[in-house]
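Please open the model in your viewer and keep the selection tool at hand. The tour goes from one selection to the next and says what is found at each stop.

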Amino acid sequence: MAHLKDNSSLLPHNSLDGSTASHTALCSSSLFPLWNWPDISIHTGRVAYVKTYIQEVPWQRLQENGIPHIHSFICVPEGIRFCEAEQCKNGPLVVFAGIKDLKLMKTTQSGFEGFHKSECTTLPERNDRILCGELFCKWSYGECKDFDFDCVWNKVRECVIEAFAGPPDCGVYSPSYQKTVNSIQMLILSRVSQVSSFLL
């Protein structure tokens, strides 16, 4: 490690924050920060890697008797949207997106039967139970192109809910939480071509 004589080679945090924020503002509807290396390294050539994380807070304007409030909002999360972007100098831009804190529940049509048993197994089989979970989903876009990120995010969320809940008039049976997770993953990968990998 080289000896640091003074601060002339140091890049303050707000220079990086400002660069990221200025590019994020250009595409805020998609939540994806974009940057280029000349902007970030204009002050110094020492930046070798950049990573940023952005999270959307789902605020909804308060209403009283159908009249929207002039300045007050309430947070009504139905899954928090987030994104990550990272890039090495002279390397490709890698973009991830996701949903967290998505709370879903089935009050019926969920069971757990036919699982492997041993002398230590005490869990009884069930063919009807409540299934409730808080989901964290994260996916990557592979080679980042000019995607409609809003559209892709909404499609992924729709797939998660469809695979978990099934049709509104009859639902869908879940033989296990693991099978439901697998069904969510397979549905997303089959319907959303922009997603190259998926973690749930």
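**Starting at the sheet edge**

Select lysine 138 first, which stands opposite leucine 199 in β7; strands here are DSSP runs of E with at least two residues, helices are runs of H or I with at least four residues, and both are numbered from the N terminus. This is a predicted model, in which local features need pLDDT of at least 70 and side-chain atom pairs count only at pLDDT 80 or more, while totals for chains, interfaces and linings use all residues. Residues are numbered from 1 along each chain as its sequence is written, and side-chain values use heavy atoms, with hydrogens and water left out.

**The sheet**

Widen the selection to β6 and β7, which pair in the antiparallel sense over 3 bridges, two strands being paired if DSSP finds at least two bridges between them. On adding the remaining members, you have an open sheet of 5 strands in the order β1-β4-β5-β6-β7, with antiparallel pairing. The edge strands, each pairing on one side only, are β1 (49–55) and β7 (197–199). Neighbouring strands of this sheet are turned by 20° against each other on average, direction ignored; axes are lines fitted to C-alpha atoms, for helices over the stretch in contact, and angles run from 0 to 180 degrees between N-to-C directions.

Next, show β5 with β6, two antiparallel strands joined by 9 bridges. Two positions can be picked out here: alanine 97 stands opposite tryptophan 139 in β6, and leucine 104 has glycine 133 of β6 as its bridge partner.

**Glutamate 84**

Now select glutamate 84, which lies in strand β4 (residues 80–88). Is glutamate 84 buried or exposed? With a relative accessible area of 12%, glutamate 84 is buried, because buried means under 20%, exposed over 50%, and partly exposed in between (1.4 Å probe, protein chains only). Its side chain is joined to that of lysine 138 by a polar contact of 3.1 Å, that is, a pair of N or O atoms within 3.5 Å, of which, within protein, one must be able to donate a hydrogen and the other to accept it, residues adjacent in sequence counting only if both atoms are side-chain atoms. Not counting residues up to four places away in sequence, glutamate 84 also touches others, including Lys51, Tyr53 and Phe96, where contact means heavy atoms within 4.5 Å.

**Helices and core**

Bring in α3, which packs on the sheet by touching β4, β5, β6 and β7, and whose direction makes about 30° with that of β5. Then add α4, which lies across β6 and β7 and runs at about 35° to β6.

Select Trp139, Tyr141, Val156, Val160, Ile188 and Val195, which touch the most other members among the 26 residues of the largest nonpolar core; such a core is a set of buried Ala, Val, Leu, Ile, Met, Phe, Trp, Tyr and Cys residues joined through side-chain atoms within 4.5 Å. At least two residues of this core come from each of β5 (94–106), β6 (131–140), α3 (149–165) and α4 (177–191), and α3 gives the most, with 8 residues. Centre on isoleucine 188, whose contacts, leaving aside neighbours within four places in sequence, are Val156, Cys159, Val160, Val195 and Phe198.

**Two cysteines to finish**

Finally, compare cysteine 83, buried with a relative accessible area of 1%, and cysteine 75, partly exposed at 34%.
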